[in-house]
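I opened this notebook to keep track of what I looked up, beginning with the nonpolar interior and moving on to the aromatic rings.

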Amino acid sequence: MPTPSVAALPIRRLTLRDLAACADLSENRGWPREEHKWGFLLTAGKGYGIDDPDGGLVSACAVTEYGPHGRPDLAAIGMVLVAERHARQGVGRRLMRHVVSTMGTTPLTLHATPYGRPLYEELGFKVTGQAEMLLGRFTPGGPEPKVATRPATAEDLPAILRLDEEVFGSDRTHIITRLPAFADQLRVAEEHGRIIGYTAAWPNMDTHVVGPLIARDTQTAQALIASLATHTDRPLRTDIDVRHEELLAWAKERGLASVAFNAVMTYGIGDLPGDWSRRFAPLTVAAG
């Protein structure tokens, strides 16, 4: 029988059973396999993909919804991938159109590489910001941050959730409550017994990704990153909003080098909700 045209292959919801196929697809495009991250995204969010008749996936992406259950007020799209042999055939465009249509009136956001940005602009996404990816081994130096930090406990969770919703601008309880199991470290900054920031370090291949990073100010963000670095021997990776120039300069002085820039894009909304001045880095660019 003839092989069906890629344009005729159905788009379906992915599940955790597709984890290996998603990782294979990442590897096919020269990305790390990132099975830990794929598992998190497929559990906390929704995956969409197209099966390859010869096995594996033609294409895949992940969608993470925020806000009231069943009535999301924001959704992030990430991990948009098309197998090499099916590239430049309109597969990614078709998958993205399906996701945009499925989400209806829900505002959308994504982090776009320079390669993917033209497609998203064609679909109606607008650039609203930029994030700089940093990677390297953190080297302590300079004055020690004066903000107190410590490991988070179960009793901290309600305060973390309140702070996160206030800063992020939408309820992401289903994401934050998964952090203790997903991350190797979850730490808070506090002042007079009140939590003024929090962050996590989660394993991704041979690095620890710093995110989310929510902090009252730059000094608090510095203290949180330094505290994570003290408790890992892996290189750190993070994606910092370029408006946080002071934090970026500080991190580069301590060994983290600029790797890439991604455009922050939105659809159906003029700008992201919340307070960008306290939102330093996402959990992962795939989840906004």
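The entries below follow the order in which I looked things up.

Entry one, the cores. I noted first that this is a predicted model. I then looked up the largest nonpolar core, which has 38 residues, and found that W38, L179 and Y198 touch the most other members. Helix α2, residues 35–44, gives the most to this core, with five residues. I also listed a second, separate core of 26 residues, which has V58, I77, M96 and A112 among its members.

Entry two, the ring pairs. I found six aromatic pairs in the structure. For Y66 and F168, I read a distance of 5.0 Å between the ring centres and an angle of 70° between the planes, so I entered the pair as edge-to-face. Because Y66 lies in strand β3 (residues 57–66) and F168 in helix α5 (residues 157–168), this pair ties together parts that are 102 residues apart in sequence. Both Y66 and F168 are buried.

The pair of F182 and W202 I entered as tilted, with 4.9 Å from centre to centre and 35° between the planes. F182 lies in helix α7 (residues 179–182) and W202 in strand β9 (residues 194–204), so the parts tied together here are 20 residues apart in sequence. F182 counts as buried at 5% relative accessibility, and W202 counts as buried at 0%. Ring pairs also link F40 with F182 and W202 into a cluster.

Entry three, charges over rings. I found R172 over the face of F168, at 4.0 Å from the ring centre, and R243 over the face of W276, at 4.2 Å from the ring centre.

Key:
Residues are numbered from 1 along each chain as its sequence is written. This is a predicted model: local features need pLDDT of at least 70, side-chain atom pairs count only at pLDDT 80 or more; totals for chains, interfaces and linings use all residues. Side-chain values use heavy atoms; hydrogens and water are left out. A nonpolar core is a set of buried Ala, Val, Leu, Ile, Met, Phe, Trp, Tyr and Cys residues joined through side-chain atoms within 4.5 Å. Buried means under 20% relative accessible area, exposed over 50%, partly exposed in between (1.4 Å probe, protein chains only). Helices (H or I, at least four residues) and strands (E, at least two) are DSSP runs, numbered from the N terminus. Rings of Phe, Tyr and Trp (its six-membered ring) pair if their centres lie within 6.5 Å; planes under 30 degrees apart count as stacked, over 60 as edge-to-face and the rest as tilted. A charge sits over a ring if NZ of Lys or CZ of Arg is within 6 Å of the ring centre and within 35 degrees of the ring normal.
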